[in-house]
Amino acid sequence: MPGKSDANLKLDKVPDALEGLSHASELLKTMALFGIEEAPAILKDSNASPEQCMAQAHTSLDFFGFHGNKWRTKPWFSEGLERLWRRGGRVRFLVVDDLTEQQREEYAALLRRWSKTFEVRLMPYPALFRLVFINNDRMVFGHYGADVLLEDGVNAAGWRSPHLIVHCGTTWSLGVPFRQYFDEKWSVARRLLPDGSIGGTAELGMLAQRREFR
């Protein structure tokens, strides 16, 4: 991916436990097999950062994580929504259903303005990792680990955490199962509506009907 690379782990540098060039070569081959293109050592100012992900989105962007605090209120996020709206693109956020009143209203305001481009759904369980799918051909992955929240609710350790950037087009790409995971969770999550209320999904209605017939 084009962009900043100073925060990236050099893929030709391997852990001390791996001895010899043959081991390094095998590691690089394995990483390529799983679609791994970059491994930023820290999120901030890397190609995996939220701002860079939004800038690289030309047709679509899907986010899975806690609350999206690194995205929601940033000017570049609104600018990205407008750009994708003009191109007929879409942005989908799947976040944890424990938003504060302020967070919910901030999302609702974006939904009111960009209703044809932006959609937010809520899941009733915590996110153990963050996923970003860009144009359906790249995935950014990072786990939350022992993240600590700042006063404004933004994840502090998250900016310092390592991430993976994965190409989703290879047969054994890590992006393939994670894409399926996102789509499954999305299909049964509840929608956040532009007025700030929570709606249901057609899929949830179908699941309820199936339970009645059991």
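**Rings, charges and burial in a predicted fold**

Arg92 lies over the face of Trp186, 4.8 Å from the ring centre, where a charge counts as sitting over a ring if NZ of Lys or CZ of Arg is within 6 Å of the ring centre and within 35 degrees of the ring normal. A second arginine, Arg72, lies over the face of Tyr107, at 5.1 Å from the ring centre. The model is predicted, so that local features need pLDDT of at least 70 and side-chain atom pairs count only at pLDDT 80 or more, while totals for chains, interfaces and linings use all residues. Residues are numbered from 1 along each chain as its sequence is written, and side-chain values use heavy atoms, with hydrogens and water left out.

The secondary structure of the protein chain comes to six helices and eight strands, with helices (H or I, at least four residues) and strands (E, at least two) taken as DSSP runs numbered from the N terminus. Read along the sequence, these elements follow the pattern α-β-α-β-α-β-α-β-β-β-β-α-β-α. Of the 214 residues of the protein chain, 42% count as buried, a word that here means under 20% relative accessible area, with exposed meaning over 50% and partly exposed what lies in between (1.4 Å probe, protein chains only). The protein chain exposes about 11900 Å², of which carbon and sulfur atoms supply 56%; accessible areas come from the Shrake-Rupley method with a 1.4 Å probe, and for residues only the protein chains shown count as cover. Among contacts (heavy atoms within 4.5 Å) between residues at least 6 apart in sequence, 72% join residues at least 24 apart.

Ser60, placed in strand E2 (residues 60-64), gives a local example of such contacts. Ser60 counts as buried because its relative accessible area is 4%, and, leaving aside its neighbours within four places in sequence, it is in contact with Leu84, Arg90, Phe133, Ile134, Asn135 and Asn136.

Aromatic side chains form another set of links. A search of the whole structure finds 21 aromatic pairs, where rings of Phe, Tyr and Trp (its six-membered ring) pair if their centres lie within 6.5 Å, and planes under 30 degrees apart count as stacked, over 60 as edge-to-face and the rest as tilted. One of these is the edge-to-face pair of Phe77 and Phe118, at 5.6 Å centre to centre with 80 degrees between the planes. This pair links distant parts of the chain, since Phe77 is in helix H3 (residues 75-86) and Phe118 in strand E4 (residues 118-123), 41 residues apart. Phe118 also forms an edge-to-face pair with Phe93, at 5.6 Å centre to centre and with 75 degrees between the planes. Because Phe93 lies in strand E3 (residues 90-96) and Phe118 in strand E4, the pair ties together parts that are 25 residues apart in sequence. Phe93 is buried at a relative accessible area of 0%, and Phe118 is buried at 3%. Phe77, Phe93 and Phe118 belong to one aromatic cluster that also includes Phe63, Trp71, Trp76 and Tyr107.

Side chains of opposite charge can pair when their charged atoms come close. With a salt bridge taken as a side-chain nitrogen of Lys or Arg within 4 Å of a carboxyl oxygen of Asp or Glu, the count comes to 13 salt bridges. Among them, Lys29 and Glu26 meet at 3.8 Å, N to O, and both lie in helix H1, three residues apart, about one turn of the helix. Lys29 counts as exposed at 52% relative accessibility, whereas Glu26 is partly exposed at 46%.

The salt bridge of Arg190 with Asp97 has its closest N and O atoms 3.1 Å apart. Since Arg190 lies in strand E8 (residues 190-192) and Asp97 in the loop between E3 and helix H4 (101-113), this pair ties together parts that are 93 residues apart in sequence. Arg190 is partly exposed at 36% relative accessibility, and Asp97 is partly exposed with a relative accessible area of 25%.

Arg179 and Asp183 form a further salt bridge, with the closest N and O atoms 3.1 Å apart; being four residues apart in helix H5 (residues 175-188), they are separated by about one helical turn. Arg179 is buried, with a relative accessible area of 15%, whereas Asp183 is partly exposed at 34%. Salt bridges that share partners join both residues with Asp62, Arg90 and Arg92 into one network, and Arg92 is the residue that lies over the face of Trp186.
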